[in-house]
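The following report concerns a single protein chain and its predicted model. It begins with one strand and then turns to a helix and to the overall fold.

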Amino acid sequence: SFCTLLGRVVMYVLLVAAEVNGAKKNIELAFSILPTMEELHRKVGDAFTVERKVSRVSGHRVEPFVVKKMNIYDEVKGRWVHLLSPTQLYEWAQLYAEADTGVIDTGLLPPAVKLYSRMPKDPTTWNTSGLPSVPRWVTTKGEEAKARTVFEEFDAARKGFITHDDFSRVFNTNDMGLGSAVIYDLFHGADHDKDGVIAWEEFVPFYEAHPKLMTSLYYRTRTYWNDMQTRKESSEVAELLDYHRSKEEQARQALQRAQQEISALEEYVSQQKAASQSRAYIEHEQERILMERQARLAQMHDTLNTQEELLERQRDEFIRVHNRSPGSPKPYYDPNGIVF
């Protein structure tokens with residue numbers, strides 16, 4: 001799948017092998033997302049068409065590589081099976097493309113290499129990137145850089161060649177004011193070997209033959225991509241600002257919730273403190289009342305003891321009086337307990 005991690009683009013890579021001009025080739029193909037079967041067939045066909053052109057015999061016409069059957073190596077079963085759906089694909093899966101239906105003859109496949117990383121038999125006509133060098137009639141480094149920029153604008157997928165769809169897309173995207181018939185004529189005029197694609201060595205004469213058109217396209221594409229880059233950067237800045245604003249709002253809401261929780265906690269502590277003080281006051285009052293009651297009980301006890309002592313004396317006095325000699329008058333008790 002396609003994603004961006006710390007600014008690094010991760011691609012969906014498949015290994016695809018095929019027989020090209022009697023030899024087996026195995027290449028890596030990168031996709032931005034899991035391809036459909038149509039996209040897979042088209043990209044594989046384009047890639048191996050270039051392989052045919054690279055290894056062709058001089059003077060022989062190159063036929064486009066048209067995929068008629070695609071196979072995938074099933075690592076669980078340990079054998080090749082027919083690829084029918086993208087759901088069978090997985091990253092770094094080994095595929096085998098056939099331009100002619102028939103018995104699969106995979107044999108021993110060579111190690112996969114990145115597309116266009118090989119050097120052709122005649123290294124004097126190619127540069128270290130695996131693409132043909134600029135012919136001698138492009139004389140300045142500035143013109144070479146402009147030509148490569150325009151070529152890469154057409155070949156956005158870095159296939160190493162330009163298709164008619166690439167041609168139409170660039171001219172229409174940059175609003176060059178060319179009709180479909182004109183674009184068709186320009187494309188087929190540049191496709192010298194009539195194989196349906198424009199290779200680099202075919203593109204350079206086309207670039208030289210249409211200097212005003214190519215210069216205009218160069219500056220339009222540069223302006224377009226600069227504008228796209230500016231928009232992208234602005235979009236990234238806007239997304240970053242939105243992200244920080246969102247985080248700031250989340251922090252503000254979290255702070256507000258924390259303050260509410262602190263206020264509620266302070267209110268609870270205050271209530272508990274008030275309740276604690278109320279309990280202490282009640283306990284103090286209860287203790288005071290208890291002490292007063294104990295004091296009154298002690299006083300009542302003393303009073304009772306005093307009365308008991310007084311009654312004891314009166315009883316003794318009563319006994320003493322009643323033990324008088326016979327004929328003596330009975331004693332008289334007044335309300336205050338005094339005997340007469």
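## Strand β7 and its surroundings

Strand β7 is covered on both faces: Gln 94, Tyr 96 and Glu 98 on one side, and Leu 95 and Ala 97 on the other, are all buried (under 20% relative accessible area with a 1.4 Å probe, protein chains only; exposed is over 50%, partly exposed in between). In a regular strand, side chains alternate between the two faces of the sheet. The strand spans residues 94-98, and five of its five residues are buried.

The model is predicted: local features require pLDDT of at least 70 and side-chain atom pairs pLDDT 80 or more, while totals for chains, interfaces and linings use all residues. Residues are numbered from 1 along each chain as its sequence is written, and side-chain values use heavy atoms, without hydrogens and water.

Two strands pair with β7, pairing being at least two DSSP bridges between strands; strands are DSSP runs of E with at least two residues, helices runs of H or I with at least four, numbered from the N terminus.

| Partner of β7 | Sense | Bridges | Bridge pair |
|---|---|---|---|
| β3 (residues 12-20) | parallel | three | Val 16 opposite Leu 95 |
| β5 (residues 69-74) | antiparallel | four | Lys 69 with Glu 98 |

In helix α4 (residues 180-190), Ile 183, Leu 186, Phe 187 and Ala 190 are buried. They lie on the same side of α4 because they cover an arc of only 95° around the axis, taken from the directions from the helix axis to the C-beta atoms. The face turned away from this buried side carries the exposed Ala 181 and Asp 185.

Overall, the protein has six helices and 10 strands, and 28% of its 340 residues are buried.
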